[in-house]
Amino acid sequence: KTKLYYDTDEWFEKDKKELKLDFPNIPYIIDGTKKISESYAILHYIPLKAGRRDLIGATDDKFIQVQVCLHACIEVGHDLKNIFYSGKDFQKNLDKALEDGSLKTKFENFNRKLEGKEWLCGFLSIADFQVYELVDMMAEIAPGFLDQFPNLACFRKRFSEIPAVKAFRSSKSFKKIWYPYI
């Protein structure tokens, strides 16, 4: 069951206190006796719950490989968050980040990592889900940005054609929530 918070008091005054999460935050999952918050903990829990350990790395070496890619995504996400929440200066700050190389270099690294591969680690992983979100977001907020990254552009197309991804993105449940100031 999904719960959306439209009233901040419902989260801050009620559920945040009553749910007794170790680290109260949104999103969270309550699955029987398991109470999990924090996006990246949830990102790891879902494949384990689904019996898909391969998505987080079936061996120690593959797990580390996924973690490296995932944490590179986290860095890009932090950069973008700072830009998104810059309010009316959003476009100016985005243009600066794309021109001065800070974001461009990170996307060059992802593009290079995909050279000759379908997926970042050579197998579909949770890192691919994160990169897809970033790449899809960049295609929306900076049209033409992906033109300089052919591997990422192909990756975006390939990932969006995964049947479950395609079905979800065409459903009423799908919402673009990445960029509040556009």
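These notebook entries record what I looked up in a predicted model.

**Entry 1. Helix 3 on its own**

I began with helix 3, which covers residues 60-84 and holds 25 residues. I took its span from first C-alpha to last and obtained 35 Å, close to the 36 Å expected at 1.5 Å a residue.

I then asked which residues of helix 3 are buried. They are Val66, Gln67, Cys69, Leu70, Cys73, Ile74, Val76, Leu80, Ile83 and Phe84. In an α-helix there are 3.6 residues a turn, so residues three or four places apart point the same way. I looked next for what covers these buried residues, and the cover includes helix 2 (39-49), helix 4 (90-99), helix 5 (102-113) and helix 6 (126-141).

**Entry 2. Helix 3 against helix 5**

I chose helix 5 from that cover. The axes of helix 3 and helix 5 come within 11 Å and cross at roughly 155°. Because angles over 145 degrees count as roughly antiparallel, I entered helix 3 and helix 5 as roughly antiparallel to each other. The crossing of helix 3 past helix 5 is left-handed.

Which residues meet here? On the side of helix 3 I listed Gln65, Cys69, Ala72, Cys73, Glu75, Val76, Asp79, Leu80 and Ile83. On the side of helix 5 I listed Leu103, Lys106, Phe107, Phe110 and Lys113. I sorted the residues of this contact of helix 3 with helix 5 into nine nonpolar, one polar and four charged.

**Entry 3. Helix 3 against helix 2**

I turned to helix 2. The axes of helix 2 and helix 3 come within 13 Å, and they cross at roughly 145°. I recorded the crossing of helix 2 and helix 3 as right-handed. Helix 2 brings Tyr40, Leu43 and His44 to the contact, and helix 3 brings Phe63, Gln67, Leu70 and Ile74. How many of the residues in the contact of helix 2 with helix 3 are nonpolar, polar and charged? I noted five nonpolar, two polar and no charged.

**Entry 4. Pro47 in helix 2**

While at helix 2 I looked up Pro47, which is found in that helix. Is Pro47 buried or exposed? Its relative accessible area is 5%, and buried means under 20%, so Pro47 is buried. Not counting residues up to four places away in sequence, Pro47 touches Arg52, Arg53, Leu55, Ile56 and Ile126. I also checked Pro47 against Ser102, which is 55 residues apart from it along the chain; their C-alpha atoms are separated by 32 Å.

**Entry 5. Phe149 and Phe155**

I took Phe149 next and placed it in the loop between helix 6 and helix 7. With 2% relative accessibility, Phe149 counts as buried. Leaving aside neighbours within four places in sequence, Phe149 is in contact with Lys104, Phe107, Glu108 and Asn111. Phe107 also appears in my list for the meeting of helix 3 and helix 5. From Phe149 to Tyr45 I found 104 residues in sequence and 31 Å in space, C-alpha to C-alpha.

Phe155 is found in helix 7, residues 150-160. I entered Phe155 as buried, with a relative accessible area of 0%. What does Phe155 touch, not counting residues up to four places away in sequence? I listed Leu114, Glu118, Trp119, Asp128, Val131 and Tyr132. Phe155 and Val135 are 20 residues apart in sequence, and their C-alpha atoms are 8.8 Å apart in space.

**Entry 6. Backbone exceptions**

I closed with the backbone. Most residues other than glycine have a negative phi, and most peptide bonds are trans. I looked for departures from this.

The peptide bond from Ile26 to Pro27 is cis, with omega near 5°. I placed Pro27 in the loop between helix 1 (8-18) and strand 1 (28-31).

Lys20 lies in the loop between helix 1 and strand 1. Lys20 is not a glycine, yet it has a positive phi of about 55°. I found Lys20 exposed, with a relative accessible area of 64%.

Glu38 is found in the loop between strand 2 (34-37) and helix 2. Although it is not a glycine, Glu38 has a positive phi of about 80°. I entered Glu38 as partly exposed, at 34% relative accessibility.

Notes
Residues are numbered from 1 along each chain as its sequence is written. This is a predicted model: local features need pLDDT of at least 70, side-chain atom pairs count only at pLDDT 80 or more; totals for chains, interfaces and linings use all residues. Side-chain values use heavy atoms; hydrogens and water are left out. Helices (H or I, at least four residues) and strands (E, at least two) are DSSP runs, numbered from the N terminus. The expected span of a helix is 1.5 Å times one less than its number of residues. Buried means under 20% relative accessible area, exposed over 50%, partly exposed in between (1.4 Å probe, protein chains only). Contact means heavy atoms within 4.5 Å. Axes are lines fitted to C-alpha atoms, for helices over the stretch in contact, and angles run from 0 to 180 degrees between N-to-C directions. Angles under 35 degrees count as roughly parallel, over 145 as roughly antiparallel, 65 to 115 as roughly perpendicular and the rest as oblique. A crossing is left-handed if the near helix is turned anticlockwise from the far one by less than a right angle, and right-handed if clockwise. Ala, Val, Leu, Ile, Met, Phe, Trp, Tyr, Cys and Pro count as nonpolar, Asp, Glu, Lys and Arg as charged, and the others, Gly among them, as polar.
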